[in-house]
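Student: I would like a close look at a single part of this model, namely the surroundings of one helix and the aromatic rings found around there. Could you take me through that part in one connected account?

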Amino acid sequence: MRKFNIRKVLDGLTAGSSSASQQQQQQQQQQQQQHPAGTREPEVQETLQSEHFQLCKTVRHGFPYQPSALAFDPVQKILAVGTQTGALRLFGRPGVECYCQHDSGAAVIQLQFLINEGALVSALADDTLHLWNLRQKRPAILHSLKFCRERVTFCHLPFQSKWLYVGTERGNIHIVNVESFTLSGYVIMWNKAIELSSKSHPGPVVHISDNPMDEGKLLIGFESGTVVLWDLKSKKADYRYTYDEAIHSVAWHHEGKQFICSHSDGTLTIWNVRSPAKPMQTITPHGKQLKDGKKPEPCKPILKVEFKTTRSGEPFIILSGGLSYDTVGRRPCLTVMHGKSTAVLEMDYSIVDFLTLCETPYPNDFQEPYAVVVLLEKDLVLIDLAQNGYPIFENPYPLSIHESPVTCCEYFADCPVDLIPALYSVGARQKRQGYSKKEWPINGGNWGLGVQSYPEIIITGHADGSVKFWDASAITLQVLYKLKTSKVFEKSRNKDDRPNTDIVDEDPYAIQIISWCPESRMLCIAGVSAHVIIYRFSKQEVITEVIPMLEVRLLYEINDVESPEGEQAPPLPTPVGGATPQPIPPQSHPSTSSSSSDGLRDNVPCLKVKNSPLKQSPGYQTELVIQLVWVGGEPPQQITSLAVNSSYGLVVFGNCNGIAMVDYLQKAVLLNLGTIELYGSNDPYRREPRSPRKSRQPSGGLCDISEGTVVPEDRCKSPTSVTKKKKKKKKSRRSIHHLPSDSPRHHISEDSPNILERAPPGETSLTTMPSSISLSSLQFIKESSSWASAFGPGRNPGDLGSSPTSGSLHGACSSLSMSAYIKDNSFSRSRSSSVTSIDKESREAISALHFCETFTRKADSSPSPCLWVGTTLGTVLVIALNLPPGGEQRLLQPVIVSPSGTILRLKGAILRMAFLDTTGCLVPPAYESWREHNVPEEKDEKEKLKKRRPVSVSPSSSQEISENQYAVICSEKQAKVISLPTQNCAYKQNITETSFVLRGDIVALSNSICLACFCANGHIMTFSLPSLRPLLDVYYLPLTNMRIARTFCFTNNGQALYLVSPTEIQRLTYSQETCENLQEMLGELFTPVEAPEAPNRGFFKGLFGGGAQSLDREELFGESSSGKASRSLAQHIPGPGGIEGVKGAASGVVGELARARLALDERGQKLGDLEERTAAMLSSADAFSKHAHEMMLKYKDKKWYQF
């Protein structure tokens, strides 16, 4: 955390000395050029300074990625999980979690708690032991010990002991003092432990434990099958037990007279300590018992066994593995043997480790097991042993983030206060039944102080089409509600029934982009199969007879030739509920025969919407499904940007072909334009002709791309069109105004329907679109204000886009943009290897969309509703919206979409747009407050609705007409602040030259706003608004995979997050205030708890010397008796834990003082009690002394015979 400060200061000095002055000069020159004397923009008072910013990680949520080790403190009730990447996750009561990381990154092979001491020992694959201090809110390493000559394989720390036994690969056992973390001179060498007659090495140490009843006897298990009971005092082996099969684990019976071993052939052997010749019992839990007394068939290895006793019944034998080899495809199992019953519990994933939770920490008492913690490869399961059927506990930790792979993520801070209760109430009905009725038993630690009081919500989109809403308030995480978007589509039952979903190999429902309006609760998602679904929130259950649906046809390119069949219109689409389109046989090679649509998939969406009634539970309910369709054998391109506005009742989305706007209230397509046609005759780019053969961008699933998989070039190939007969087309204004002579063309038929709408049968309110429109009516000429509706040629794919109001899929595909500046980027961002360099320059996709109420033209005197469109070539275009009055008129009159002629340009693909008023405050998009739509309205309500018009909630709407606004536009390379309505560039900042911005957000912080950016080179930067002064520039995290690019997002109040691994979300803050308060907000893992009483030895055991035998380990292992260990054996490394502890203590002063005062009071009370007891003992001793003296005087002079 401190290193970020230093870097920030250094970066600030560098920026201040070199670039800041240059930037100021440039800005001054620009302002002088842009604002002649007398027209200069008014200065906005900015309050944010560099000292308001500091970057630090806050918390990590989710399941530990690639877990490898497990430990539990039965007194503190804390669970620890280690991973293969050296991470350490600690879990207490729900809401108390902690993440730590070993610097080396080596895998954690074993964890050992110092029970009730607030400390933990971790053993790593690089043969290093670490001692963690858990008594501070952010645990830190106190000591480390690096073994130089031997590899560590197993560790054991007896309860209430400070001596740690460490077994090695060579078969030796070393002893470490955990207080000083130094080695003892006492060593158990393998050659002394085994039989002298044995000629082979026993293998690595796989188990160490002391006899529960005699601490002086150590049980050592070697991999080869040999077990040795070692006498620590006499330094020799008492007994040796040998078995033919390799050992995986060993466990004691609490009385210390028996132990059990698990073996590689699926057998368990139970041994009597005093009978080493042969096991007293051999069990094969899953082996088939053969006749004639033969040995059962061998099974898979039993990887671990535990032997736990109860006072009032049979002992539990719990094991993992051991299934017979003929159970192919069977899921991993945990077996619980209790008396004569054997329960086999199947798990969803392979078992990494398990632990039995018991009532006592003392190994020499009845264990009384009550639960089993099972650490799986991708889950954590807790089984209740006390109830019949062994039900599992409901897991309160947020470990299900990866239930289906996360494909996109959005973060909203400072949401409306009624949102979380509303989502929780509908989500509570989704909970499964059949869990254990007991409370979650891992309940250690204390919650931190909730300094942050604002609601926070995280939304995750997943590969299976599900969307999850999470309550992320006060650095915790809890799932609120889960939406399954795939429910509206027909499921394919077999491969033959999947004609249309081959746009992606798998996960056809994967979520790409989420657009959400928290105030109106409108939700819009874009999926990988080029589908958009609009949802409305309702607390009432409804049954939708017919799912409203629209199909949109976006063409790929324009060509100036057409085939003889071109005069015929393609067949009209089947209505919803009609027959499924006939599957088209797959072709192994591209067709070169004809360009007609015969034999090619056309007018067909990728997914089929259900035609049966759909029951919609309370929560998010489908309002409208929009799908892009195949065009002449071409699959629809994936959607790159998305925005929804509840006040206007509009949703807009774009891809590499163009843009489409839909009125979801009237269920009508308003706009369907190719990217070129957005420009009209103002196209600034020279569009080069393409190579004769079309090269298309394949569409891929999100999951494979995210992990860096190469998408095959021919993954989505469909037959290419090559015309045999050419026919000259009549010249029209369409070809004159819109297409330069050298622009790419595509075969289309003049009279083909441009928009395909499917309406529910019997629905008459849908607006019918014309089947053919000449482009002269959509040239976006300023005089025209007609209801534009057309299709356009579109450009070639440029993949990544963003939705300003909600979210973008930053990095859904490795092609982040196809801008003209691709040469400057740090890695190539095209997924298609068939793309030519000429194509790269001409590709243009819609990358950002933003609804707002602002000045659309220079001459405007007042703001009006409009849509701002950003492209991957750095162009911003403005489309004006003319909305009908509210109420019933809104459903009857059309929304008029017209061009504004406004074009702005930046360097790099446009990522984000926002608007400020004259005072520098953020102007949010207009919204309609949420209301229940499924409840019949009163007459008064209807009247109010009639009068209601969509109004902007922006401060500017209430201001004088003369006051202006600022448009903030962020691209991959730079940010600009444009003054409106003059459209002068007020401020400009080149964010990066050598890299590119992955995510940019305009966010609120400390009653002000700023622009926050995350670059591919790992830098996180913030800029003031509107002046774009650099406030923070910290090197944080380089882009190592597309998962980070896809999920990184900033939000208000200095919060940010990204998916740090496939299963975990990392949250961070760039706010100085949050960094300072973080210590108070974090929970405490360690709480002072009295250790339970030791088991009573009983009168007869005490009298006859039975019961547990103690051992003075200090005398045995100390330097005075055993000497010093060899210095070359291990190296001691002091850790920074002490300093961190001081820091932790210093930061939470108030809480610490309160606890210290309480501790002092308790100590004073105990001291008072002690003083009273001491005084009583003193008076008793005086009385005894006086009485003894009197007796001595009485009998002093008497002879022996006088008594």
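Tutor: The model is a predicted one, and a good place to enter it is helix α3, whose buried residues are covered by elements that include β30 (456–462), β31 (466–471), β32, β33 (511–517), β35 and β39. The helix itself spans residues 419–427, and within this stretch Leu419, Ile420, Ala422, Leu423, Val426 and Gly427 are buried. Viewed down the axis of α3, these buried residues fall within an arc of 165 degrees, so they line one face of the helix.

Three of the covering strands, β32, β35 and β39, also carry aromatic residues that can be followed ring by ring. A search of the whole structure finds 26 aromatic pairs, and one of them joins Tyr481 to Tyr620, with ring centres 6.2 Å apart and planes at 45 degrees, so that this pair is tilted. Tyr481 belongs to strand β32 (residues 478–484) and Tyr620 to strand β39 (residues 619–628), and the pair thereby links distant parts of the chain, 139 residues apart. Both partners are withdrawn from the surface by the criterion of under 20% relative accessible area: Tyr481 is buried at 4% relative accessibility, and for Tyr620 the value is likewise 4%, so that Tyr620 counts as buried.

Tyr620 takes part in a further pair, with Phe537, and here the arrangement is edge-to-face, the centres being 5.3 Å apart and the planes 70 degrees from one another. Since Phe537 lies in strand β35 (residues 531–538) while Tyr620 lies in strand β39, this pair ties together parts that are 83 residues apart in sequence. Phe537 is buried as well, with a relative accessible area of 1%.

These contacts belong to a wider set, because ring pairs link Phe412, Phe469, Tyr481, Trp516, Phe537, Tyr620 and Trp930 into a cluster, where a pair is counted if the ring centres lie within 6.5 Å. Some members of this cluster can be placed on the strands named at the outset: Tyr481 is in β32, Phe537 is in β35 and Tyr620 is in β39. Taken together, the description begins with a helix that turns one buried face towards a covering that includes β32, β35 and β39, and it ends with the cluster of rings to which Tyr481, Phe537 and Tyr620 belong.

Note on methods:
Residues numbered from 1 in each chain as written. Predicted model: local features only at pLDDT ≥ 70, side-chain atom pairs only at ≥ 80, totals over all residues. Heavy atoms only, no water. Phe/Tyr/Trp six-rings, centres within 6.5 Å; stacked < 30°, edge-to-face > 60°. Helix = DSSP H or I, 4+ residues; strand = E, 2+ residues; numbered from the N terminus. Buried < 20%, exposed > 50% of the residue type's maximum accessible area, 1.4 Å probe, protein only. Arc of directions from axis to C-beta. Contact = heavy atoms within 4.5 Å.
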